[in-house]
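Colleague: I'm still learning to read protein structures, and I'd love a close look at just one part of this one. Could you walk me through it slowly, and then show me what else is worth looking at around it?

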Amino acid sequence: MRRMMMKYRTLGNTELEVSILSFGASSLGSVFGEIDESEGIRTVYEAIDLGINFIDVSPYYGLTKAETVLGKAIKNIPRDKFILSTKAGRYGENDFDFSSKRIIKSVDESLTRLQTDYIDILHLHDIEFVSLDQIIHESIPTLLELKKAGKIRFIGISGLPLKIFKVVSEQVPLDTILSYCHYTLNNTGLLTIEEEMRNKGIGIINASPLSMGLLTKKGPPDWHPASDEIKRVCRQAVQFCEEQGVAIEKLAVQFAVANDRIPTTLVGTANPKHIARNVAWIEEPIDMELVNQVREILKPIDQKIWLSGRKENN
Ligand code: NAD
């Protein structure tokens, strides 16, 4: 066990104590490039061994592949060693179904693929693509029923535009929100809703500290939706860090976990060495002078993001 150093924070009112760095399993679905399945499974074991206790996935990632690979890994780990989040409602790039019937079926399918009998947090996946009225009046009530039935313990929503979190949480009770690309070196927009969520007891999950590859030496995948301007400015920051002899990935992961008001940050990889490196980095002191220099380069794009889903939800 090498877990002594990992820190944990409470996730809103759920009383869940989550590791400040957590594991996003989308990579296990080969969304960032083909993976070796056994390496992917080893990445999960490595994450748990290092004290990571929160894992997020979705039926959408790799069109069920990520859940299937993750299931093969977690069946060998005692169920009380990790907190599991999966999602419902998104099944393909343009395939959304947030109806009650489909959500109920989806949760049963996820339980089978994940080889477990309950899910800790069920997030409605990328809700900005549909009518928020349906989310509020049909999907959330369905999740509350599934909660009563014991299949899920907590409920939440995920998506890109911060507006969705405000609109939905004003009308229905939520345990968590899962936001991505909004608390990183290049965008700190999540802080604009943090207080409101905290006051409602909603646990904030921050995903994609590397901005889905923008803040990596390798660069973003072809499908990355950021504008040319965002990509260009991020490349400048990557280059600057290289000149300073520091991996931007290190600075980005350290920056995301450093803020006490953000309980946990989901980072994705299917490479055991990368997850070990990410955990080692958060145990090192953060070079604030360098952070400030990099944030200065990225300043022109702070608060800039791309459109996602319906116009009215952005
Ligand atoms: P990320 O910012 O974590 O970046 C992932 C990329 O960075 C991958 O290419 C990975 O190989 C690379 N990487 C990771 N560690 C590295 C290291 N040490 N060195 C070099 N490269 C490294 O983006 P992500 O994977 O999209 O986000 C993390 C998780 O958050 C996802 O797996 C998913 O669980 C969740 N998420 C959810 C939503 C949603 O609900 N809509 C959206 C985005 C992300």
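**A covered helix and its surroundings**

Modeller: Happy to! In helix H8, the residues that are buried are Ile 248, Glu 249, Leu 251, Ala 252, Val 253, Gln 254, Phe 255, Ala 256 and Val 257. Please keep in mind that this is a predicted model. H8 spans residues 248–258 and is mostly covered, with nine of its eleven residues buried. As you trace it, here is a handy rule: an α-helix has 3.6 residues a turn, so residues three or four places apart point the same way.

Now let's move to a strand that is also mostly covered. Strand E9 runs over residues 152–159, and seven of its eight residues are buried. Who are its partners? On one side of the pairing list is strand E8 (residues 119–124), which runs parallel to E9 and is joined to it by five bridges. One place to find this pairing is Ile 119, whose bridge partner in E9 is Ile 152. E9 also runs parallel to strand E10 (residues 176–180), and four bridges join these two. Here you can look for Ile 157, which stands opposite Ile 177 in E10.

Helices link these strands. E8, helix H4 (residues 132–148) and E9 form a right-handed β-α-β unit. Another right-handed β-α-β unit is made by E9, helix H5 (residues 163–169) and E10. So E9 takes part in both units.

Let's zoom in on one residue of E9, Phe 154. Is Phe 154 buried or exposed? Its relative accessibility is 13%, so it counts as buried, since the cut-off for buried is under 20%. Setting aside residues up to four places away in sequence, Phe 154 touches Thr 14, Leu 16, Asp 120, Ile 121, Leu 122, Lys 147 and Asp 175. For a sense of scale, Phe 154 and Val 31 lie 26 Å apart, C-alpha to C-alpha, and 123 residues apart in sequence.

What about the nonpolar interior? The largest nonpolar core has 104 residues, and those with the most contacts inside it are Ile 55, Leu 70, Leu 185 and Val 294. Helix H7 (residues 228–244) supplies the largest share of this core, seven residues. Ile 55 has a long contact list; among its partners beyond four places in sequence are Phe 23, Val 44, Leu 70, Ile 74 and Phe 82.

A polar residue can be covered too. Thr 43, in helix H1 (residues 37–49), counts as buried because its relative accessibility is 0%. Its side chain reaches the backbone nitrogen of Asn 271 at 3.3 Å. Beyond neighbours within four places in sequence, Thr 43 is in contact with Phe 23, Thr 269, Ala 270, Asn 271, Pro 272 and Ile 275.

Finally, the cysteines. The structure holds zero disulfides. Why is Cys 181 not bonded to Cys 234? The sulfur of Cys 234 is the closest cysteine sulfur to that of Cys 181, but at 9.5 Å it is too far for a bond. For Cys 241, which is in no disulfide, the nearest cysteine sulfur is again that of Cys 234, 11 Å away. Cys 181 is buried at a relative accessible area of 2%, and Cys 241 also counts as buried, at 0% relative accessibility.

Terms used
Residues numbered from 1 in each chain as written. Predicted model: local features only at pLDDT ≥ 70, side-chain atom pairs only at ≥ 80, totals over all residues. Heavy atoms only, no water. Buried < 20%, exposed > 50% of the residue type's maximum accessible area, 1.4 Å probe, protein only. Pairing = 2+ DSSP bridges. Right-handed = clockwise from strand over helix to strand, strands pointing away. Core = buried A, V, L, I, M, F, W, Y, C linked by side-chain atoms within 4.5 Å. Contact = heavy atoms within 4.5 Å. Polar contact = N/O pair within 3.5 Å; in protein donor to acceptor, adjacent residues only side chain to side chain. Disulfide = S-S within 2.5 Å.
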